[in-house]
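User: Please take a close look at one part of this model for me, and describe how the residues there are placed and what they touch.

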Amino acid sequence: MKIVTANRLSDGRVIYAGPDNQPVDRLEQAAVLDEATAESVLAEVAARPDIFVNPYLFEVEDHTPSGRDRLKELIRATGPTVGNSLVREPA
């Protein structure tokens, strides 16, 4: 099974193709697609560059990234890995 992901043009945030190929912000909201449907949805989303920037497919098992890119997709889904470590305390 696969999910279509991209970045949103307006703010660069990670988005997914959800129901009716509309953009959704959370991995849990993304449409899980079989191989044939995934290619069709990817083509439709790619034709909407005003919303979806550089869309691509990745493998999932029950909305959980799997396959060789699972770590990258988990990081994309949950946000930056540095947290607040870059925030400096006032002197």
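**A glutamate in a helix and its surroundings**

Analyst: In this predicted model, Glu-73 is found in helix H2. Its relative accessible area is 1%, and because buried means under 20%, Glu-73 counts as buried. Two polar contacts involve the side chain of this residue: one, of 2.6 Å, is with the side chain of Tyr-56, and another, of 3.3 Å, joins the side chains of Glu-73 and Arg-76. When residues up to four places away in sequence are set aside, Glu-73 touches Thr-5, Tyr-56, Phe-58 and Pro-65.

Among those neighbours, Phe-58 leads on to an aromatic pair, and the structure holds one such pair. Tyr-16 and Phe-58 form this pair in an edge-to-face arrangement, with 6.5 Å from centre to centre and 65° between the planes. The pair links distant parts of the chain, since Tyr-16 lies in strand S2 and Phe-58 in strand S4 (residues 52-61), 42 residues apart. Both rings belong to buried residues, with a relative accessibility of 1% for Tyr-16 and a relative accessible area of 5% for Phe-58.

Arg-76, the partner of Glu-73 in the 3.3 Å contact, and Tyr-16 also appear in the lining of the largest pocket, together with Arg-8, Arg-13, Val-14, Asp-25, Ala-77, Gly-79 and Pro-80. This pocket has a volume of about 170 Å³, and strand S2 (14-17) and helix H2 (70-78) each supply at least two residues of its lining. By class, the lining has four nonpolar, one polar and four charged residues.

Technical notes: Residues numbered from 1 in each chain as written. Predicted model: local features only at pLDDT ≥ 70, side-chain atom pairs only at ≥ 80, totals over all residues. Heavy atoms only, no water. 1 Å grid on protein atoms, 1.4 Å probe; cavity = no way out; pocket = protein on both sides within 12 Å on 5 of 7 lines; lining within 4 Å. Points joined across faces, edges and corners; volume = space filled by probe spheres on them. Helix = DSSP H or I, 4+ residues; strand = E, 2+ residues; numbered from the N terminus. Nonpolar A, V, L, I, M, F, W, Y, C, P; charged D, E, K, R; others polar. Buried < 20%, exposed > 50% of the residue type's maximum accessible area, 1.4 Å probe, protein only. Polar contact = N/O pair within 3.5 Å; in protein donor to acceptor, adjacent residues only side chain to side chain. Contact = heavy atoms within 4.5 Å. Phe/Tyr/Trp six-rings, centres within 6.5 Å; stacked < 30°, edge-to-face > 60°.
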